[in-house]
Amino acid sequence: MQQQDDDLFMAEMADVKPLRANNSHFNTSSQGVTDAQLARRAAAEQNEYLQKLSIDPAMLLAVKPDDVLSYKKNGVQEEVFRHLRLGKYQIKSVIDLHAFRLSQAREALIELVLKAHNRGERNLLVIHGKGYKSKPYPALMKSAVNNWLGQFEEVQAFHSATNEQGGTGALFVMLVKSEQQRVVASETNRKGSGFR
């Protein structure tokens, strides 16, 4: 019976040809998404954040120049947050917003967060300064960055940097895992995979 089923299957599949890499039905890009689509998606996300993140000083929750800033979303483990707070994670991208106006700083921060997240980076250093002499109130840039970062879907946590990295004039920022990193982590940590 098994031999007969195999023979029938082979007879039905006799004229089937495999797809070639240059076939128009074969897409080699990640999950069928083109570079142009990724660029349009990034531009749409950036525009959404430009509308959502206020640069009006009256709309920002003011913090003091020497305040320690701390934020984490639900689900961030205490040990992970402690490592972030102590500056134990490798940082690839750094931005210094000292000389920027609020509108310029907002655009630069949006671009940094979105590009770093798309590259799979997990940790950033954002230098905002303390702003003792800023107008209309002290720590304007620091207050703005504190308000903005909490509204990013890509930002999982942030904390004022260690004294060696800028102290209360800078922030360690942790981004959520990109979709690609989630797939890799899922495969690595899958039960029964022998990697545990």
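Start with the whole chain: read along the sequence, the protein chain runs α-α-β-α-β-α-β-α-β-β-α. That pattern holds 6 helices and 5 strands. Keep in mind that the model is predicted.

With the whole chain still selected, turn on the surface. The accessible surface comes to about 12,900 Å², and carbon and sulfur atoms account for 51% of that area. Of the 196 residues, 34% count as buried. For contacts between residues at least 6 apart in sequence, 72% join residues at least 24 apart.

Next, select residues 140-149, which form helix α5. This helix is mostly covered, with 10 of its 10 residues buried. The buried residues include the nonpolar L140, M141, A144, V145, W148 and L149 as well as K142, S143, N146 and N147.

To see what lies over α5, add α4 (102-119) and the strands β3 (123-127), β4 (155-160) and β5 (170-175), which are among the elements covering its buried residues.

Now hide the strands and keep α4 and α5. Their axes come within 11 Å and cross at roughly 35°. The crossing of α4 past α5 is right-handed. Show side chains at the contact: L102, A105, R106 and L109 on α4 meet L140, M141, A144, W148 and L149 on α5.

Last, go to the N-terminal part and select F9, M10, M13 and V16. Together these four make a nonpolar surface patch of about 420 Å². Where does M13 lie? M13 is in the loop between α1 (2-12) and α2 (35-52). M13 counts as partly exposed because its relative accessibility is 38%, between the cut-offs of 20% for buried and 50% for exposed.

Methods: Residues are numbered from 1 along each chain as its sequence is written. This is a predicted model: local features need pLDDT of at least 70, side-chain atom pairs count only at pLDDT 80 or more; totals for chains, interfaces and linings use all residues. Side-chain values use heavy atoms; hydrogens and water are left out. Patches are made of residues with over 30% relative accessible area and no salt bridge: like charges are joined within 9 Å, nonpolar side chains (Val, Leu, Ile, Met, Phe, Trp, Tyr) within 5 Å. Accessible areas come from the Shrake-Rupley method with a 1.4 Å probe; for residues, only the protein chains shown count as cover. A salt bridge is a side-chain nitrogen of Lys or Arg within 4 Å of a carboxyl oxygen of Asp or Glu. Helices (H or I, at least four residues) and strands (E, at least two) are DSSP runs, numbered from the N terminus. Buried means under 20% relative accessible area, exposed over 50%, partly exposed in between (1.4 Å probe, protein chains only). Contact means heavy atoms within 4.5 Å. Axes are lines fitted to C-alpha atoms, for helices over the stretch in contact, and angles run from 0 to 180 degrees between N-to-C directions. A crossing is left-handed if the near helix is turned anticlockwise from the far one by less than a right angle, and right-handed if clockwise.
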